[in-house]
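Welcome! Open the structure in your viewer, keep the selection tool at hand, and follow along stop by stop.

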Protein chains: 2
Amino acid sequence: MDKLTTDVLVIGGGPAGVITAISTKNTYPNKRVMLVRRDARVAVPCGIPYMFGTLASAEDNLMGDAPLKAKNVEIKVGIVVAVDQARKQALLESGEEIAFEKLVLATGSKPIIPKPFRTPLKGVYAVYKDFEYLVEMRKRIQEARHVVIIGGGFIGVELADEINKMGDKVVTLTEMTDHILQQSFDEEFCQRAEEVLRSDGVQLRTGVKVAGLGGKERVEYVELEGGEKLPADAVVLSIGARPTTDLAEKMGLQIAEFGGIKVDEFMRTSHPDIFAVGDCAEKRCFFSRKHIPIMLASTATAEARSAGSNIYSVKSLEMNKGTIGVYSTRVNGLSLGTAGLTESKALAEGFDIVTGISDGIDKHPGTLPNKSKVHVKLLFSRFSGTLLGGQVYGGDSVGELINTIALAIQNKMSMVDLDTIQFGTHPLLTAAPTTYPLIVCASDALQKVYVPN
Amino acid sequence: MDKLTTDVLVIGGGPAGVITAISTKNTYPNKRVMLVRRDARVAVPCGIPYMFGTLASAEDNLMGDAPLKAKNVEIKVGIVVAVDQARKQALLESGEEIAFEKLVLATGSKPIIPKPFRTPLKGVYAVYKDFEYLVEMRKRIQEARHVVIIGGGFIGVELADEINKMGDKVVTLTEMTDHILQQSFDEEFCQRAEEVLRSDGVQLRTGVKVAGLGGKERVEYVELEGGEKLPADAVVLSIGARPTTDLAEKMGLQIAEFGGIKVDEFMRTSHPDIFAVGDCAEKRCFFSRKHIPIMLASTATAEARSAGSNIYSVKSLEMNKGTIGVYSTRVNGLSLGTAGLTESKALAEGFDIVTGISDGIDKHPGTLPNKSKVHVKLLFSRFSGTLLGGQVYGGDSVGELINTIALAIQNKMSMVDLDTIQFGTHPLLTAAPTTYPLIVCASDALQKVYVPN
């Protein structure tokens, strides 16, 4: 059998693997890097929901190999079935072996499929990232009239919005907690997302558990607890994901709470030459330091940059400082963003907080065409004034506004810092300088805690 | 004559005055605040160019008084002609006197009109902020066929773009330096703005000085150096602005380089109870600490928040840390943003720099509809890695992207900090996590200076 050799072997072709490979080549240009992945064609993970409505074809959501090729990263399609840590060799399903100096596990995550949904019925899908699976799923959903999506996290919500755009369908989204997006947003934000989804005809069933699925050969209905049956030609499960750690476990690497591979601040596993990044690696909260089950491509790529930089020598500032969880989405034209702790999570974790609220417009004067209302909520420590989280809904500028908040969090800025910060404003692009939302929030929070002398 | 009394007297009704008044009430709710302004109706200053094309009527660009009224700020229309500093009284043109404890000068700026343009010819305008003047100017420009705008700074550029939208006109923009927007952007950004302006039919004449204006009663032409005459039914001067300091000078307050009122970090003038904020106050560069002639509403409101907070007692963190100069604009659909030093300014000031460049797309995958190319350039100190400036062009998300850069500058972030920062990304709202532009720039700069071991 072929015996391949590399310096750095990366297992996994998603964003975590790709960026680890590129970052390694950036920092150690003379090292050889090989990336092994399961599939010849790889879907852009965040783009998966948009394969259903917005994108013209599934192929429009392929991740190109150009960035890897530009850095001379060798790409190998195959499945690693075992790793010999002593001999530093990976064994592929094909029988090939790859010798390495450093190994990076970027094996990702896979959908959680609870027992009631493990069924031989046709027409039941989960959001796997395998491109060919998604192509098939898209075809079947196109043909369905009644589509039920189970799980109102952001993937479920985005899929509901997109499948609803595919044509003449009855799309129902079920969520067992009181609101969709409740893991990432406080109630007023969830409600706004629910309003816009409903206004476009998506049926929302929140606060209700699904008992099971039924049908003969194909799925025919989703049964709710209480007995109600929702007709369904297709069902999509978007209940969550768990780290893919089969290989890591086989290798005897330590696993942390929520199932991620245990890593240190430099993304090193319990073995000094083996790293883990992205969905398969443990995540710890930036604020509470507790383990959290957050999985985001943006988090994965930040970890991948740490891993790539530190892989041959520790760069003390290029470390993983804990996961903030920054993400944005767009639901039927409404953009939402969240970063850090929500109010409900902060209270549940015992944080002593004060909030600042801003209700404004994303252009100025407010008479300009194409303006959107922007609602912002920031959360600060009452004691230190430190920013702990932010949530936004509004127009498309929300995508970068939440990143400004994320940057403020990472710099441990306080409400006082934000109150006199310098921002740029423009009539057609932002709120007015007099009402810039982050400043309004900071000032609002300050007034709630500052007792004038 | 009436004798009025207040605790804090603010002179000026622009953003600096309004925000000082509101910020004072926020921090010292029991103090009375009075704002004196020249005009009954006040234009939103940044919105002035949009009164010409985008807004349906001039009245759509009025600043409302609701925020002042909500905070119980008393509004007084009048002109302060003298201040008795010993007796702490301001004298209005009407003869009324206002007694105060603290005084804030927010008297703004006015257009620079060089000698060749001081003419009795009709049809020649400068960009005054007086609302009634602007209403009249708009009417006359609507009637003109040939409009020449002199001065390609951002007000000139925005006016050219907007007047060009007013209908069947020949709009010419002249600029004596090599490029429009050259004070705020490096060449490649200026060129991009020039391309989009030209593509919509605006005539650009850069690198050429204007010798003078000609005509009988009304202006008929603009004469360039060299003798060429551009036909002109209306001329707009947008050559720059200077601080309005007549009153301050009469009061004997110290004036700094470039004509602004001298202030300390808490916006106090040479008199302990008198503050100055906004365009009328001196500006010092965040990086070089030199005086700079930057005038932006966003800078003004940041200063106003410092002044309001510190007016009765110094809040040591609510200080003015120097002007960064953050601004964005949109030219014929292309958005541009700049923050901090440009490469040309940094080199002229003797900074030892390295740049990072990113060329990407503001959505992902790049096959999504309505995407824009985004070009970003960041400037770092080669030695410390500290971020010194950034420039962006692209779609509308540029408005908030430049604010993320501004926040990174204010936090003195380095290329290493930015390389592993956590951002949120979403297919419809931002670049991909693998190619987020600020990270790509940081990584690019790092690779130029880091010598692998």
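**Stop 1: a proline in a loop**

Where in chain A is the place of A:Pro365? Select A:Pro365 and colour its surroundings: it sits in the loop between strand 22 (353-361) and strand 23 (373-381) of chain A. Keep in mind on this tour that you are looking at a predicted model. Now add A:His364 to the selection and look at the peptide bond that leads from A:His364 to A:Pro365: it is cis, with omega near -5°.

Next, move to chain B and select B:His364 and B:Pro365. A cis peptide bond joins these two as well, with omega about 0°. B:Pro365 lies in the loop between strand 22 (353-361) and strand 23 (373-381) of chain B.

While you are in chain B, select B:Leu181. This residue is not a glycine, yet its phi is positive, near 60°. You will find B:Leu181 in the loop between strand 12 (170-175) and helix 5 (187-199) of chain B.

**Stop 2: the domains of chain A**

Go back to chain A and give each domain its own colour. Domain 1 covers 3-110 + 242-310, domain 2 covers 113-239, and domain 3 covers 333-448. How far apart are the C-alpha centres of domain 1 and domain 2 of chain A? They lie 29 Å apart.

Now look at where these two meet: 17 residues of domain 1 of chain A are in contact with 16 residues of domain 2 of chain A. On the domain 1 side, the touching residues comprise 10 nonpolar, four polar and three charged.

**Stop 3: a three-stranded sheet**

Staying in chain A, select strands 14, 15 and 16. These three strands form an open sheet in the order 14-15-16, with antiparallel pairing. Strand 14 (210-214) and strand 16 (229-231) are at the edges with a single partner strand each, so one side of each has no neighbour in the sheet. From one strand to the next, the twist averages 25°.

Zoom in on strand 15 (residues 221-224), which is joined to strand 16 of chain A by three bridges. Select A:Glu223 and look across: A:Lys229 in strand 16 of chain A stands opposite.

**Stop 4: where the two chains meet**

Show both chains together. In this meeting, 72 residues of chain B are in contact with 72 residues of chain A. Which helix of chain B supplies the largest share of its side? Helix 9 of chain B does, with 11 residues. By class, the side of chain B that touches chain A has 33 nonpolar, 32 polar and seven charged residues.

Now select helix 9 (residues 398-410) in both chains. The two axes come within 8 Å and cross at roughly 10°, which means that helix 9 of chain A is roughly parallel to helix 9 of chain B. Among the residues making this contact are A:Leu401, A:Thr404 and A:Leu407 of chain A, along with B:Leu401, B:Thr404 and B:Leu407 of chain B. The residues of this contact divide into six nonpolar, four polar and two charged.

**Stop 5: the axis**

Zoom out for the last view. Chain B can be laid on chain A with an RMSD of 0.0 Å by a turn of 180° and a shift of 0.0 Å along the axis. That is the relation of a two-fold axis. To find the axis, select B:Thr404: of the residues of chain B, B:Thr404 comes closest to it, at 2.3 Å (C-alpha). Finally, 100% of the interface residues of chain B are also interface residues in chain A, so the copies meet through the same surface.

Definitions and conventions:
Residues are numbered from 1 along each chain as its sequence is written. Chains are lettered from A and ligands numbered from 1 in the order in which they are written. This is a predicted model: local features need pLDDT of at least 70, side-chain atom pairs count only at pLDDT 80 or more; totals for chains, interfaces and linings use all residues. Axes are lines fitted to C-alpha atoms, for helices over the stretch in contact, and angles run from 0 to 180 degrees between N-to-C directions. Helices (H or I, at least four residues) and strands (E, at least two) are DSSP runs, numbered from the N terminus. Angles under 35 degrees count as roughly parallel, over 145 as roughly antiparallel, 65 to 115 as roughly perpendicular and the rest as oblique. Two residues are in contact if their C-beta atoms, placed from the backbone, lie within 7 Å. Ala, Val, Leu, Ile, Met, Phe, Trp, Tyr, Cys and Pro count as nonpolar, Asp, Glu, Lys and Arg as charged, and the others, Gly among them, as polar. Domain bounds come from an automatic or database domain assignment. Copies are superposed by least squares on the C-alpha atoms of residues with pLDDT of at least 70 in both. Two strands pair if DSSP finds at least two bridges between them.
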